[in-house]
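Thanks for coming, everyone. Please have a look at the sequence and the structure as they come up, and then I will walk through a few places in turn.

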Amino acid sequence: MDYVRIAPTPVTYIGWGATEKLIDEVERYDGNNILVVADPILVSLGITDKIVLSIRQKGYKYDLYTDLVPEPVLETGEKLVQFTRKGNYSLVIGIGGGSALDMAKLAAVFIHNDGDLADYLNLTATKKIQQKGVPKILIPTTAGTGAEVTNIAVLALAHTKDVIMHDYLLADTAIVDPQLTMSVPARVTAATGADALTHAIEAFISVNANPVSDGLALQAIQLIGRSLKQAVKNGNNSAARTDMMYGSYLAGLSFFNAGVGAIHALAYPLGGQFHIPHGESNAVLIPYVMNYIQKSCARKMAMILEALGGNITGLSDDKAAATCVEQLAALIKDIGLPVTLAGFNIPATAATSLAEDGIKQKRLLARCPMTLTQENILQIYQSAVSGVLTEAPAAMFQ
Ligand SMILES: NC(=O)c1ccc[n+]([C@@H]2O[C@H](COP(=O)([O-])OP(=O)(O)OC[C@H]3O[C@@H](n4cnc5c(N)ncnc54)[C@H](O)[C@@H]3O)[C@@H](O)[C@H]2O)c1
Ligand SMILES: [Fe+2]
């Protein structure tokens, strides 16, 4: 097979001030009975109110649902879906980071699909989504997940994380306005930015990478590489916030089309077992996974180094790949996130159960340019606990 499937969100408005297009989009859909699913922090900051002001002024009625938590667990989603089914809503507007947007996607789709969300989880599914549900407009307020352009919703389970995946979970309209990220605290800016960077890196080295996803990913890496530190250091830097928003959007498109891989696969158990926010669990693993697999994707890592602003003149691909790992490790440190699992108080003894859950993420591991065994995954977790970078045994590349 020599072709790829590209399935973008039908309409996107992106750039400073794009939020003003919301009212036009509401008018395009049936806005008679709107459900706004919003992160409660954004309501308390007055951001939600500003976003929906134009809707109120035009006389549209909406219910506001805010019973959400960051990194939503299955129960958060089940409760929302029960609520939605009682409401006869015709349109869902999601406002927030990936956590709120994923919930808005589930609300819009499961209003017309029966059963529990648990029946539809990727690792254990017994049912398939049948109905499209009602239209959804997604408005991200973090520069990270790319949830506004992907067809998944992520839920935290007791030991790991899992997704519900279907094209019906795609937004009908995405409104991507960097202005909405100005209030994101430094630590969340760092974590979400590292998530976006991980999306771009993993899509770029994915076995499913193609010229479309490569173009998107490289541009995302450039934008994030030049502005992540600035956005963390000074949240009022609107140019850096704008780069990060374009970067996370491009990274979202790239990974939606080429997939993420081993970093995400190993991050999910950290989220499930230790409740580490998604971006932070990716960030801490980036150097350890990339160092381990570098020989399987050295050329592409040289290109990543270049996109990050590094000079690869005169460097062999292997040397550039090693330098790329160093640069990525330095970046994670510079943005103030923990650089080892020990930094999250995760003991070395946890590596075994993390590896048991990590190997189950077959869908993600299948995109990694190197086939990882449970033993390999254990070694990566062990190196991430200790902070000592480890490479895959040379025999794996002979
Ligand atoms: N659907 C997808 O394609 C996809 C991809 C990657 C991750 N995810 C999921 O998304 C979730 C993480 O989303 P996230 O990283 O965007 O974080 P988040 O939505 O959990 O938000 C992180 C924190 O930032 C706050 N916040 C959000 N916007 C803010 C703003 N503008 N100002 C001030 N505070 C703000 C939130 O209240 C929260 O406390 C996880 O559950 C993850 O698994 C989804
Ligand atoms: Fe992610």
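Leu341 touches Leu270, Val284, Ile346, Tyr381, Ala384 and Val385, if we set aside residues up to four places away in sequence. I should say at once that what you see is a predicted model, and that every value I quote is computed from it. Leu341 sits in the loop between α12 and α13, the latter being residues 351-358, and with a relative accessibility of 0% it counts as buried, because anything under 20% falls into that class. To give you a sense of distance, the C-alpha atom of Leu341 is separated by 30 Å from that of Asp214, and these two residues are 127 residues apart along the chain.

In that same loop between α12 and α13 you will also find Asn345, which counts as exposed, at 70% relative accessibility. Its phi is near 60°, a positive value in a residue other than glycine. This deserves a second look, because most residues other than glycine have a negative phi. His275 is another such case, with a positive phi of about 55° although it is not a glycine. His275 belongs to the loop between α9 and α10, and at 63% relative accessibility it counts as exposed.

Let me now turn to the metal. Which residues coordinate the iron ion, ligand 2? They are Asp195, through OD, together with His199, His264 and His278, each of these histidines through NE2, at 2.1 to 2.2 Å. Along the chain, these donors follow the spacing D-x3-H-x64-H-x13-H. His264 lies in helix α9, residues 262-274, while His278 lies in helix α10, residues 278-293, so this pair ties together parts that are 14 residues apart in sequence. Both histidines are covered by the protein: His264 is buried, with a relative accessible area of 3%, and His278 is buried too, at 14%. As for the geometry, the angles among the four donor atoms run from 84 to 166°, and the site of the iron ion is irregular. The reason is that four donors count as tetrahedral only if all angles lie between 85 and 135 degrees, and as square planar only if opposite donors are over 155 degrees apart and all others between 65 and 115.

Staying with α10, we can check its length. At 1.5 Å a residue, its 16 residues should span 22 Å, and the end C-alpha atoms are 21 Å apart, which agrees. The helix nevertheless bends by about 45° at Ile286, and a proline, Pro287, follows within four residues. It is mostly covered, with 16 of its 16 residues buried.

Back in α9, we find Gln273, which counts as buried at 18% relative accessibility. A polar contact of 2.7 Å joins the side chains of Gln273 and Asp357. Apart from neighbours within four places in sequence, Gln273 is in contact with Ala158, His159, Ser353, Leu354 and Asp357.

The next helix I would like you to find is α7, residues 211-233, where the same length check applies: its 23 residues should span 33 Å at 1.5 Å a residue, and its end C-alpha atoms are 34 Å apart, which agrees. Where is the kink of about 45° in α7 centred? It is centred on Ser227, and Ser227 is one of the buried residues of this helix, which also include Asp214, Leu216, Ile221 and Leu228. The buried residues of α7 pack against α6 (186-205), α8 (238-258), α11 (298-307) and α12 (317-334). At the N-terminal end, α7 is capped by Asn210, which has a side-chain oxygen 2.9 Å from the backbone nitrogen of Val212.

Finally, please look at Tyr120, in the loop between α5 (98-110) and β5 (136-140). Is Tyr120 buried or exposed? With a relative accessible area of 6%, Tyr120 is buried. Its side chain reaches the backbone oxygen of Asp114 at 2.6 Å, and beyond four places in sequence the residues that Tyr120 touches include Phe110, Asn113, Lys127, Ile129, Val163 and Ile164. The C-alpha atoms of Tyr120 and His166 are separated by 9.9 Å, although these residues are 46 residues apart along the chain.

Note on methods
Residues numbered from 1 in each chain as written. Chains lettered and ligands numbered in written order. Predicted model: local features only at pLDDT ≥ 70, side-chain atom pairs only at ≥ 80, totals over all residues. Heavy atoms only, no water. Donors = N, O, S within 2.8 Å, 3.2 Å for Na, K, Ca; no water. Tetrahedral: all angles 85-135°; square planar, octahedral: opposite > 155°, others 65-115°. Helix = DSSP H or I, 4+ residues; strand = E, 2+ residues; numbered from the N terminus. Buried < 20%, exposed > 50% of the residue type's maximum accessible area, 1.4 Å probe, protein only. Expected span 1.5 Å × (residues − 1). Bend = angle between axes of the 7 residues up to and from the residue. Contact = heavy atoms within 4.5 Å. Polar contact = N/O pair within 3.5 Å; in protein donor to acceptor, adjacent residues only side chain to side chain.
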